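User: Could you take a close look at the second largest pocket in this predicted model? I'd like to know what lines it, and what surrounds it in the wider picture.

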Amino acid sequence: VFFNDTATTEIYTRSIVGSVRCVQETEVIHSSTFVIAVGGRPNIEAIKGAKEYAITSDDLFWLEKSPGKTLVVGASYVALECAGFLAHIGCDTSVMVRSIFLRGYDQDMASRIGANMESHGIKMYKETIPLELTKDPSGKIRVKYQETKTSKVGEELFDTVLMAIGRKADTAGLNLEKAGLKTLPNGKIEVSDYEQTEVENIYAIGDVCQGRPELTPVAIKAGRMLAQRMMGTSTEPMDYTNVPSTVYTPLEYGFCGLTEEDAIKNNAKDSVLVYHSSFKPLEWNFLESREDSACYIKVLVHQPTDKILGFHYLGPNAGEVAQGFAVAMKCGVTKKQWDDTVGIHPTCAEEMISLKDTKNSNPNAKKSGC
């Protein structure tokens, strides 16, 4: 059962009733099983004036003219991706970051992404929060902001302010409590390994679920596997370990497995080897605008077992590179198997299987030559 954005719903356990608001009539739908897959919506209500004067990533592609001078508030992958392509189409673009880039991601890679964006002309308001948005007589948006460390307050005018400070599950209008189903403060729902909620016949998939990766391919696969279990063609649950992903910043970031922080946290520090190298793609050799060492790779290895715990790639076509190596990760690949693989030349992907230096043996490892 799907309820669109104009629907109001009333849900009751076992016999689930939805009243769908149509143009001329109301339809009542009954079901013995219900799947909640409403996803999430951008959260902009925390900043005074944002609801009236800011847009979100949902609105960006509906603009009828260039956003002009734009402030992106937030440091999530949505924020950095939007800032990246706005800058590349010629917009004067700034990013306002409260604390760190890409919270929850590998922070070494996140810092490299931020530095690369800054080096290509994107202004970073670091450790800064917006206090209020107001409409200036000129028609522009006046942003009052504060530096978190110094408490210094400033103001700046922008043509567009894009809020990307997080999303919340879109469950508020579903009246789930009538079905005995509780939601968390962020609107999300606790589910089992089989996507089942605390109410036996109600399931949930995607961004609405607590602790699940907020990625469209994850929701699609979880939905397919849930449908197969419901139809009796499978009993297999979704496996949420080693889910690959890519952040489409100007310098793309593809990864799978543990971050360096989590690898060290989950294992004895001395047992984790971090193989790494910076490199310059062959196709960049004739581009003076491209730095020699902007691209970077690291592979995390559990020394006692030789098992690869995670890989992180910063460079062109990161999604293509990550997708292939993710299959090996699902198979429990070891560093020896990784090294035994023959590279395809000339590619960026071959750099992944050519790593010889660790952070301990050579902190500034750099690939030279072809």
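Analyst: Happy to walk you through it. The lining of the second largest pocket is made up of 16 nonpolar, seven polar and five charged residues. Together 28 residues line this pocket, whose volume is about 690 Å³. Pro-217, Val-218, Val-243, Pro-244 and Gln-323 are the lining residues nearest its centre. Two or more lining residues come from each of α3 (77-88), α5 (216-230), β14 (245-247) and α7 (318-330). The biggest contribution is from α7, which gives six residues.

Two of these elements, α3 and α7, also turn up in the largest nonpolar core, where each supplies at least two residues. The strands β6 (93-97), β15 (253-257), β16 (272-279), β17 (295-302) and β18 (307-314) do so as well, as does α4 (107-119). That core holds 54 residues, and those touching the most other members are Val-95, Phe-311, Tyr-313, Trp-338 and Met-352. Tyr-313 makes a nice example: beyond four places in sequence, its contacts include Ala-318 and Val-321, along with Met-109, Phe-279, Tyr-296, Cys-348 and Met-352. Apart from this core there is another, of 15 residues, including Val-73, Val-143, Phe-158 and Val-161.

As for confidence, the chain has a mean pLDDT of 91, with 92% of its residues at 70 or more. Please take some care with residues 1-9, where pLDDT stays under 50, and with residues 11-15, where pLDDT also stays under 50. Where pLDDT is low, the predicted coordinates should not be read in detail.

How values were computed. Residues are numbered from 1 along each chain as its sequence is written. This is a predicted model: local features need pLDDT of at least 70, side-chain atom pairs count only at pLDDT 80 or more; totals for chains, interfaces and linings use all residues. Side-chain values use heavy atoms; hydrogens and water are left out. pLDDT is the predictor's confidence in each residue, from 0 to 100. Contact means heavy atoms within 4.5 Å. On a 1 Å grid over the protein atoms alone, a cavity is a set of points where a 1.4 Å probe fits but cannot get out, and a pocket is an open set with protein on both sides within 12 Å along at least five of seven lines; lining residues have an atom within 4 Å of a point. Grid points are joined across faces, edges and corners, and a volume is the space filled by probe spheres set on the points. Helices (H or I, at least four residues) and strands (E, at least two) are DSSP runs, numbered from the N terminus. Ala, Val, Leu, Ile, Met, Phe, Trp, Tyr, Cys and Pro count as nonpolar, Asp, Glu, Lys and Arg as charged, and the others, Gly among them, as polar. A nonpolar core is a set of buried Ala, Val, Leu, Ile, Met, Phe, Trp, Tyr and Cys residues joined through side-chain atoms within 4.5 Å. Buried means under 20% relative accessible area, exposed over 50%, partly exposed in between (1.4 Å probe, protein chains only).
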